[in-house]
2 protein chains.
Amino acid sequence: MEGLSEGEKAGFYKAVFTRRDVRSGFTGSEVGAAALARVLRAAHHAPSVGFSQPWNFILVRDRATRERVKRSFEEERLRSSRLVEEPRRSEYLSFKLEGILDAPVNVCVTYDPSRSGPFVIGRASAPEAGAYSVCCAVQNLWLAARAEGLGVGWVSILSNEALAGALGLPDGVTPVAYLCLGHVEEFAPRPDLEEAGWLPRLGLEDVVYYERWGRGEAGPGWESGVGETIRRGGPDYP
Amino acid sequence: MEGLSEGEKAGFYKAVFTRRDVRSGFTGSEVGAAALARVLRAAHHAPSVGFSQPWNFILVRDRATRERVKRSFEEERLRSSRLVEEPRRSEYLSFKLEGILDAPVNVCVTYDPSRSGPFVIGRASAPEAGAYSVCCAVQNLWLAARAEGLGVGWVSILSNEALAGALGLPDGVTPVAYLCLGHVEEFAPRPDLEEAGWLPRLGLEDVVYYERWGRGEAGPGWESGVGETIRRGGPDYP
């Protein structure tokens with residue numbers, strides 16, 4: 001079976017490599033219903049363990065709800081800042097890390113373990129695969145938003161209990177991601193935390209192993225030059 | 001900021017909507033180094049909490065390792081089949097659920113909580129965000145593989161302990177996904193478990209709520225017709 005055409009691939013890889021976690025620069029213009037529907041549909045077509053589709057997407061515009069979520073962010077940010085020493089603490093506290101009130105739409109993506117159950121194929125040995133499916137949906141949503149020209153920021157500096165309270169989640173349903181979605185001024189060339197010098201991007205060759213943990217060189221049985229090709233990151237795309 | 005062009009979007013959405021969890025029909029032809037590198041590079045450009053990039057990709061071709069993993073699959077499959085009653089048990093056992101020995105390359109994607117730490121921005125309130133980042137990388141990998149004409153199957157009917165033993169994972173590093181990767185005869189029009197009648201695809205409108213859990217109708221403050229547009233799934237793509 002063939003892959004996508006060169007033109008289709010270029011579009012696909014453009015979405016992947018220019019997607020950013022956007023925390024600032026939301027323009028305030030509205031997200032159209034058609035684009036929102038396409039983004040959600042892409043999310044809903046993610047893979048899920050045993051085809052369980054255990055996700056929900058709670059779309060939040062209500063100002064009071066977002067202010068309540070923002071308060072949880074402020075509390076958790078302060079709490080977590082105590083875990084890191086100066087000068088990293090001040091640097092951490094200087095970052096803009098969320099767009100809860102700036103973005104016109106927030107989306108809480110949740111995991112419902114009761115969905116399509118109790119027996120879900122593939123979940124008995126790996127119960128975590130349920131929440132992992134929801135993450136695949138989040139990544140589809142994120143990439144589709146980039147395709148539609150919409151920025152997304154994932155806010156994980158939040159209390160799950162506060163989110164459950166603000167959104168009325170029933171017992172057993174857990175928040176997986178809280179996303180801020182809207183039109184943005186730009187998609188920056190590099191991630192904010194890379195740009196700020198907080199952390200560097202790792203080399204691809206540093207995270208790829210062959211056959212066993214820690215083995216950085218492809219041995220016999222591998223196409224000659226595979227390691228060098230991976231180091232270069234493939235010839236065709238940025 | 002604009003989104004992708006219509007042509008680029010079509011390529012992107014084609015990857016999203018025609019991606020499948022492939023468990024059979026691997027052709028046995030080799031995965032080229034360039035395509036493999038592009039797929040891994042796409043995975044490595046996933047978002048990660050605090051830009052921690054906590055993933056590793058262990059590429060497995062060795063037959064003995066794959067046979068060891070396959071034995072774990074067989075054990076877990078039998079064990080989990082005892083959790084479901086007839087006639088679902090026999091139906092479950094009739095499904096082909098993995099391509100461990102059929103696919104030329106297996107990829108174990110792991111989570112290393114020590115990466116870029118101990119303080120990782122965004123992980124103090126949500127420790128699970130580390131493994132969730134790895135899932136975003138898996139989804140990028142899966143979509144890029146589809147773009148390259150490569151099928152991927154995620155095998156979650158495995159013991160994490162068996163995987164850790166087979167691949168020599170150090171303490172603290174956990175397997176997130178075990179993937180079978182290779183050229184395939186086809187990408188089926190629908191997921192196998194939908195085709196087999198095991199579970200139906202849910203309607204998008206059944207998994208979207210507004211403002212709070214359980215509220216299926218968009219109220220005031222929402223663009224008129226947003227619910228209907230979501231029900232139709234957006235006008236432009238399948």
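## A guided look at chains A and B

Visitor: Welcome me in: in chain A, what share of the contacts with a separation of 6 or more is made by residues 24 or more positions apart?

Guide: In this predicted model, contacts in chain A can be sorted by how far apart the partners sit in the sequence. Taking those with a separation of 6 or more, the share that joins residues 24 or more positions apart is 83%.

Visitor: How many helices and strands does chain A have?

Guide: Along the sequence, chain A reads α-α-β-α-α-β-α-β-α-β-α-α-β-α. Its C-alpha trace spans about 60 × 50 × 40 Å along the principal axes. The count for chain A is nine helices and five strands.

Visitor: Which helix of chain A gives the most residues to the side that touches chain B?

Guide: Let's start with the whole contact: 107 residues of chain A meet 107 residues of chain B. On chain A's side, these are 64 nonpolar, 24 polar and 19 charged residues. The helix that gives the most, with 11 residues, spans residues 6-18 of chain A and is α1.

Visitor: In what order do the strands of the five-stranded open sheet run?

Guide: This sheet has mixed pairing and takes strands from chain A as well as chain B. The edges are β5 (208-210) of chain A and β3 (150-154) of chain B; each has a single partner strand, so one side of each is left without a neighbour in the sheet. From one strand to the next, the twist averages 25°. The order is β5(A)-β1(B)-β2(B)-β4(B)-β3(B).

Visitor: Which residue of β4(B) stands opposite B:Leu150?

Guide: Strand β3(B) pairs with β4 (residues 174-183) of chain B in the antiparallel sense, over five bridges. Opposite B:Leu150, in β4(B), stands B:His183.

Visitor: Which strand of chain B is joined to β1 of chain A by three bridges?

Guide: Two residues of β1(A) help us find the partner. A:Phe57 stands opposite B:Val208, and A:Ile58 has B:Tyr209 as its bridge partner. The two strands run parallel, and the one in chain B, residues 208-210, is β5.

Visitor: And within chain A, what is the bridge partner of A:Leu59 in β2(A)?

Guide: Strand β1(A) is joined to β2 (residues 105-111) of chain A by six bridges, and the two run antiparallel. For A:Leu59, the partner in β2(A) is A:Val107.

Visitor: Why is β1(A) described as largely enclosed, and how many of its residues are buried?

Guide: In a regular strand, side chains alternate between the two faces of the sheet. Here one side of β1(A) has A:Trp55, A:Phe57 and A:Leu59, the other has A:Asn56, A:Ile58 and A:Val60, and all are buried. The strand is largely enclosed by the rest of the structure because the number of its residues that are buried is six of the six.

Visitor: Which residues touch the most other members of the largest nonpolar core?

Guide: Nonpolar side chains tend to be buried together in soluble globular proteins. Beyond its neighbours within four places in sequence, B:Val109 has contacts including B:Trp55, B:Phe57 and B:Leu179. Among the 146 residues of the core, those touching the most other members are A:Val109 and B:Val109.

Visitor: At what angle do helices α2 and α5 of chain A pack?

Guide: The crossing of α2(A) past α5(A) is right-handed. Among the residues in contact are A:Val39 and A:Ala42 of α2(A), with A:Leu141 and A:Ala144 of α5(A); by class the contact has seven nonpolar, two polar and one charged. The axes lie 7 Å apart, and the angle is about 150°.

Methods. Residues numbered from 1 in each chain as written. Chains lettered and ligands numbered in written order. Predicted model: local features only at pLDDT ≥ 70, side-chain atom pairs only at ≥ 80, totals over all residues. Axes fitted to C-alpha atoms, helices over the stretch in contact; angles between N-to-C directions. Helix = DSSP H or I, 4+ residues; strand = E, 2+ residues; numbered from the N terminus. Left-handed = near helix turned anticlockwise from the far one by under 90°. Contact = placed C-beta atoms within 7 Å. Nonpolar A, V, L, I, M, F, W, Y, C, P; charged D, E, K, R; others polar. Pairing = 2+ DSSP bridges. Buried ≥ 20, exposed ≤ 12 C-beta atoms within 10 Å, placed from the backbone. Core = buried A, V, L, I, M, F, W, Y, C linked by C-beta atoms within 7 Å.
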